[in-house]
Amino acid sequence: MRYAIAGNQTERVKAMYTMRNVNGHVQVYDLRGNFLFSADSIREAREEIEEYAQSAA
């Protein structure tokens, strides 16, 4: 699952990630395929990405 690219900086940062459901948890990768972190749910992964996006904007 990739985030859609939008016009503002926060949305552009979020577009830089791919999430994969692996054995009941979510793994998050950058667009180069490098593993970044895992989360217990898609919601948790999105929250982590959102926090990073806000700090990077």
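Is phenylalanine 35 buried, partly exposed or exposed? In this predicted model, phenylalanine 35 counts as partly exposed, because its relative accessibility is 45%. The value falls between the cut-offs of 20% for buried and 50% for exposed. The surroundings of this residue are taken up below, after the overall fold.

The protein has 57 residues, and 30% of them count as buried. Its secondary structure comprises two helices and three strands. Read from the N terminus, the order of elements is α-β-β-β-α. The accessible surface amounts to about 3,900 Å². Carbon and sulfur atoms contribute 45% of that surface. Contacts between residues at least 6 apart in sequence were also examined. Of these, 25% link residues at least 24 apart.

The three strands form an open sheet in the order β1-β2-β3, and their pairing is antiparallel. Strands β1 (17-22) and β3 (35-39) are the edge strands, each pairing on one side only. On average, neighbouring strands of the sheet are turned by 25 degrees against each other, direction ignored. In general, strands of a sheet pair through backbone hydrogen bonds, either parallel or antiparallel.

Strand β2 spans residues 25-30 and is joined to β1 by six bridges. One bridge partner in this pairing is histidine 25 of β2, which faces valine 22. Four bridges join β2 to β3. These two strands also run antiparallel. Together β2 and β3 make a hairpin, with four residues between them. In the turn, glycine 33 has a positive phi of about 90 degrees.

Tyrosine 29 and phenylalanine 35 meet across this hairpin: phenylalanine 35, in β3, is the bridge partner of tyrosine 29. The structure holds one aromatic pair. It is formed by the rings of tyrosine 29 and phenylalanine 35, whose centres are 5.7 Å apart. Their planes stand at 75 degrees, so the pair is edge-to-face. The cut-off for that class is over 60 degrees. The two partners differ in burial. Tyrosine 29 counts as buried because its relative accessibility is 11%, whereas phenylalanine 35, at 45%, counts as partly exposed.

A charged residue joins the aromatic group. Arginine 20 lies over the face of tyrosine 29, at 4.0 Å from the ring centre. Arginine 20 belongs to strand β1. Its relative accessible area is 39%, so arginine 20 is partly exposed. With neighbours within four places in sequence left aside, arginine 20 is in contact with His25, Val26, Gln27 and Tyr29. A further approach concerns isoleucine 42, which is 22 residues from arginine 20 along the chain. The C-alpha atoms of arginine 20 and isoleucine 42 are separated by 9.0 Å.

Alanine 39 lies in strand β3. This residue counts as buried because its relative accessibility is 5%. Leaving aside neighbours within four places in sequence, alanine 39 is in contact with His25, Val26, Glu44 and Ala45. Histidine 25 is 14 residues away from alanine 39 in sequence. In space, the two are 6.0 Å apart, C-alpha to C-alpha. His25 and Val26 thus recur: they are among the contacts of arginine 20 and among those of alanine 39.

Definitions and conventions:
Residues are numbered from 1 along each chain as its sequence is written. This is a predicted model: local features need pLDDT of at least 70, side-chain atom pairs count only at pLDDT 80 or more; totals for chains, interfaces and linings use all residues. Side-chain values use heavy atoms; hydrogens and water are left out. Buried means under 20% relative accessible area, exposed over 50%, partly exposed in between (1.4 Å probe, protein chains only). Contact means heavy atoms within 4.5 Å. Accessible areas come from the Shrake-Rupley method with a 1.4 Å probe; for residues, only the protein chains shown count as cover. Rings of Phe, Tyr and Trp (its six-membered ring) pair if their centres lie within 6.5 Å; planes under 30 degrees apart count as stacked, over 60 as edge-to-face and the rest as tilted. A charge sits over a ring if NZ of Lys or CZ of Arg is within 6 Å of the ring centre and within 35 degrees of the ring normal. Two strands pair if DSSP finds at least two bridges between them. Axes are lines fitted to C-alpha atoms, for helices over the stretch in contact, and angles run from 0 to 180 degrees between N-to-C directions.
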